[in-house]
Amino acid sequence: MTSTDDRIATDDGLSKRVAHLQNAMHKLGADVIRLQTQLTDLAAAAPPQPDPDDSTPFIFNMSRDTYRGELASLVSWVNDFLVPVYVGEAAGWCPVWWEHHEAVGRLHALRLAYDELTDTAAVGASGPGRWHSDHLDPFLDRVCSANGPFAACLTPAGHVERRRLAPARTPAR
């Protein structure tokens with residue numbers, strides 16, 4: 001060993017940092033496996049075949065099985081279209097967005113508006129422009145804002161799933 005190697009091997013602070021980085025890498029590896037499993041499950045769920053005479057209900061008004069299929073379809077639309085075209089490397093975007101209920105609801109509404117407003121034969125040539133100005137821009141402003149659903153995920157701790165708080169209890173008198 002060289003003198004530099006001796007110094008590195010005995011430097012307690014460096015050893016702690018290396019151990020911390022190793023723990024972080026193991027945690028990231030476990031997160032990747034968990035996310036791959038979730039995406040595999042979502043991709044395996046066959047999206048429901050829509051009835052051409054029926055409009056698509058809002059995602060939170062669907063049965064559990066229909067919800068899963070619609071979520072799988074939404075994951076594909078967001079990850080294959082919305083993120084590459086409109087979000088890119090935005091610092092305010094959570095890569096685990098489907099774990100945020102607010103984001104799922106807003107993204108589903110955004111896609112429903114997209115489906116409606118990009119059919120220029122039905123809504124006219126200004127439909128896509130209205131989708132951008134009336135739906136996409138406000139959506140991105142909200143979800144990527146400092147108080148949006150992804151705000152807690154932008155800290156050094158990384159992704160944090162927001163849960164509903166339990167109702168406050170009134171103290172017994």
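Let me begin with Tyr 86, which in this predicted model counts as partly exposed, because its relative accessibility is 29% and that category lies between the 20% and 50% cut-offs. Its ring pairs with that of Phe 81, the two centres being 5.8 Å apart and the planes 80° from one another, an arrangement that is edge-to-face. That is one of ten aromatic pairs counted here, and both residues belong to one aromatic cluster, together with Trp 77, Tyr 114 and Trp 131.

Tyr 86 also brings us to the packing of two helices, α3, which covers residues 64-87, and α6, which covers residues 127-143, whose axes come within 13 Å and cross at roughly 95°. Because angles of 65 to 115 degrees count as roughly perpendicular, that is how α3 stands to α6. On the α3 side the contact is made by Trp 77, Leu 82, Tyr 86 and Val 87, while α6 contributes Trp 131, His 132, Leu 136, Phe 139 and Leu 140. If you sort the residues of this contact by character, you find eight nonpolar, one polar and no charged.

Now, to finish, please look at Arg 111, which sits in helix α4, residues 101-117. Is Arg 111 buried or exposed? Arg 111 is buried, since its relative accessible area is 8%, and the cut-off for that label is under 20%. Once neighbours within four places in sequence are set aside, Arg 111 is in contact with Glu 70, Ser 73, Leu 74 and Trp 77; the last of these, Trp 77, is the residue we have already met in the aromatic cluster and in the contact of α3 with α6.

Note on methods:
Residues are numbered from 1 along each chain as its sequence is written. This is a predicted model: local features need pLDDT of at least 70, side-chain atom pairs count only at pLDDT 80 or more; totals for chains, interfaces and linings use all residues. Side-chain values use heavy atoms; hydrogens and water are left out. Axes are lines fitted to C-alpha atoms, for helices over the stretch in contact, and angles run from 0 to 180 degrees between N-to-C directions. Helices (H or I, at least four residues) and strands (E, at least two) are DSSP runs, numbered from the N terminus. Angles under 35 degrees count as roughly parallel, over 145 as roughly antiparallel, 65 to 115 as roughly perpendicular and the rest as oblique. Contact means heavy atoms within 4.5 Å. Ala, Val, Leu, Ile, Met, Phe, Trp, Tyr, Cys and Pro count as nonpolar, Asp, Glu, Lys and Arg as charged, and the others, Gly among them, as polar. Buried means under 20% relative accessible area, exposed over 50%, partly exposed in between (1.4 Å probe, protein chains only). Rings of Phe, Tyr and Trp (its six-membered ring) pair if their centres lie within 6.5 Å; planes under 30 degrees apart count as stacked, over 60 as edge-to-face and the rest as tilted.
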